Amino acid sequence: MAVNTASVEFALNPNANPMPEADRLKAFENLGFGTLFSDHMAVIRWNADRGWHDGEITARAPFAIDPAASVLHYAQEIFEGMKAYRTADGRAVLFRPEENARRFNESARRMAMPEIAEETFLEAIEKLVQIDAKWIPEGEGSLYLRPFMFASEAFLGVRPAKDYIFCVIASPVGPYFKGGAKPITIWSTEKFTRAAPGGTGAAKCGGNYAASLIAQAEAQAQGCDQVVFLDAAEHKWVEELGGMNVFFVMDDGSLVTPPLGGTILPGITRKSLITLARDKGLTVHERPYSFEDWKADAASGKLKEAFACGTAAVVAGIGTVKFPGGAFTINGGETGPVTQTLREALVSIQRGQSNDAHAWVKPISGV
Ligand code: PLP
Ligand code: COI
């Protein structure tokens, strides 16, 4: 579908009943992930006749959608995940937001949905962060931004819908994992796969996550934080976790991460860490790595560290891997030094504390 490149304005309709400051600050005292929401949302609609229209920044509120809306039946939905940070010198910044805009449109193409002009996507984010700037926690927290789009046409035939709603909501967050910075435990599922060649694995569509939930529930039942998926064809190659990409640190100091082949999400954190690792003179191989090698290399000491990475999770060391019939630990179950170094390099750029050599950080004006 053609991109509507006309720049679209977002009318400002401030929330008449924002959360009182004392309540907000109280809620900030114990931030988890994704349970608290800011006062506003950005909304814009699309139909075949008008393209993108009626953009507004308005009070966060439920949608009224028809029970026949196609998203409720055929799951035509995509989303993004990004964060706004409050820097020590008081700026509000985003990290590589144009990468999210680009990936959103790649997801839209895969799901036969309309693309949105990058400027409109970024405008929605910026305006929302401006109006809800006080919702960006200071210190280690951040304001998680969730742009998403869904098919709102009331129609039960199976074809791409003709009406869509794009929305951005914001959620102040602390650590994604309950254990905070502690290494995480991973469950390798035997029965379930996430994405097959030709499928939607590289798109950030809700359906991928729906399909992963049974395996994530299995992981939790095993006492693990996250599930790791192997490839669908051979059930041999490590792909990614339910909501994160994965890296391995070998004894020669090199890093290995599964290649982007259409079945995993092209993570922006993954891409950034590859650049930062290479900046530090480390070799990074984007190559297939089998679960059998993971197990054997952890036992022999050839594998030194493993970590998960993503916007929500940041960089999290993997301490233990469980699988049907066994388990193994990596680096004695501790977060390793390479993981730690890369995490610090990334976080210090995101939070405006170190030289941003690649110009990844985008300040938001006026807040
Ligand atoms: N893989 C999956 C399945 C994800 O949901 C995410 C999170 O967005 C990632 C990887 C990491 O992507 P990013 O670093 O762009 O957040
Ligand atoms: C993100 O990291 O932004 C995601 O979308 C992953 C999800 C598990 C929260």
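How far is an oxygen atom of ligand 1 from an N or O atom in the side chain of threonine 269? The points below address this and related matters.

1. The structure under review is a predicted model. In this model the separation in question is 2.5 Å, between an oxygen atom of ligand 1 and an N or O atom in the threonine 269 side chain.

2. Ligand 1 has 17 residues around it, of which Tyr209, Glu240, Ile268, Thr269 and Thr311 come nearest. For tyrosine 209, an N or O atom of the side chain is 2.5 Å from an oxygen atom of the ligand. For threonine 311, a polar side-chain atom lies 2.6 Å from an oxygen atom of ligand 1.

3. Around ligand 2 the model places Phe33, Phe79, Gly81, Tyr144, Arg146, Tyr176, Lys204, Gly243, Thr311 and Ala312. Thr311 therefore deserves attention in both settings, since a residue is counted as near a molecule if one of its heavy atoms lies within 4 Å of it: Thr311 is among the residues around ligand 2 and among those that come nearest to ligand 1.

4. Three polar approaches to ligand 2 may be listed. A polar side-chain atom of tyrosine 144 lies 2.6 Å from an oxygen atom of ligand 2. For lysine 204, the corresponding value from a polar side-chain atom to an oxygen atom of the ligand is 2.7 Å. Alanine 312 takes part through its backbone, a polar atom of which is 2.8 Å from an oxygen atom of ligand 2.

5. Thr269 also belongs to a helix contact: Thr269, Ser272, Leu273, Leu276 and Ala277 in α6 meet Leu342, Ala345, Leu346 and Ile349 in α8. By class, the residues of this contact are seven nonpolar, two polar and no charged.

6. As to geometry, α6 spans residues 268-279 and α8 spans residues 337-350; the two pack at an angle of about 110 degrees, with axes 10 Å apart. Because angles of 65 to 115 degrees count as roughly perpendicular, α6 and α8 are described as roughly perpendicular to each other. The crossing of α6 past α8 is right-handed.

7. A second helix pair consists of α3 (residues 97-110) and α4 (residues 118-131), packed at an angle of about 125 degrees with their axes 9 Å apart. The two helices are therefore oblique to each other, and their crossing is right-handed.

8. In this second pair, Pro97, Glu98, Asn100, Ala101, Arg102 and Phe104 of α3 meet Glu118, Phe121 and Leu122 of α4. The contact comprises five nonpolar, one polar and three charged residues.

Terms used: Residues are numbered from 1 along each chain as its sequence is written. Chains are lettered from A and ligands numbered from 1 in the order in which they are written. This is a predicted model: local features need pLDDT of at least 70, side-chain atom pairs count only at pLDDT 80 or more; totals for chains, interfaces and linings use all residues. Side-chain values use heavy atoms; hydrogens and water are left out. Axes are lines fitted to C-alpha atoms, for helices over the stretch in contact, and angles run from 0 to 180 degrees between N-to-C directions. Helices (H or I, at least four residues) and strands (E, at least two) are DSSP runs, numbered from the N terminus. Angles under 35 degrees count as roughly parallel, over 145 as roughly antiparallel, 65 to 115 as roughly perpendicular and the rest as oblique. A crossing is left-handed if the near helix is turned anticlockwise from the far one by less than a right angle, and right-handed if clockwise. Contact means heavy atoms within 4.5 Å. Ala, Val, Leu, Ile, Met, Phe, Trp, Tyr, Cys and Pro count as nonpolar, Asp, Glu, Lys and Arg as charged, and the others, Gly among them, as polar. A polar contact is a pair of N or O atoms within 3.5 Å; within protein, one must be able to donate a hydrogen and the other to accept it, and residues adjacent in sequence count only if both atoms are side-chain atoms.
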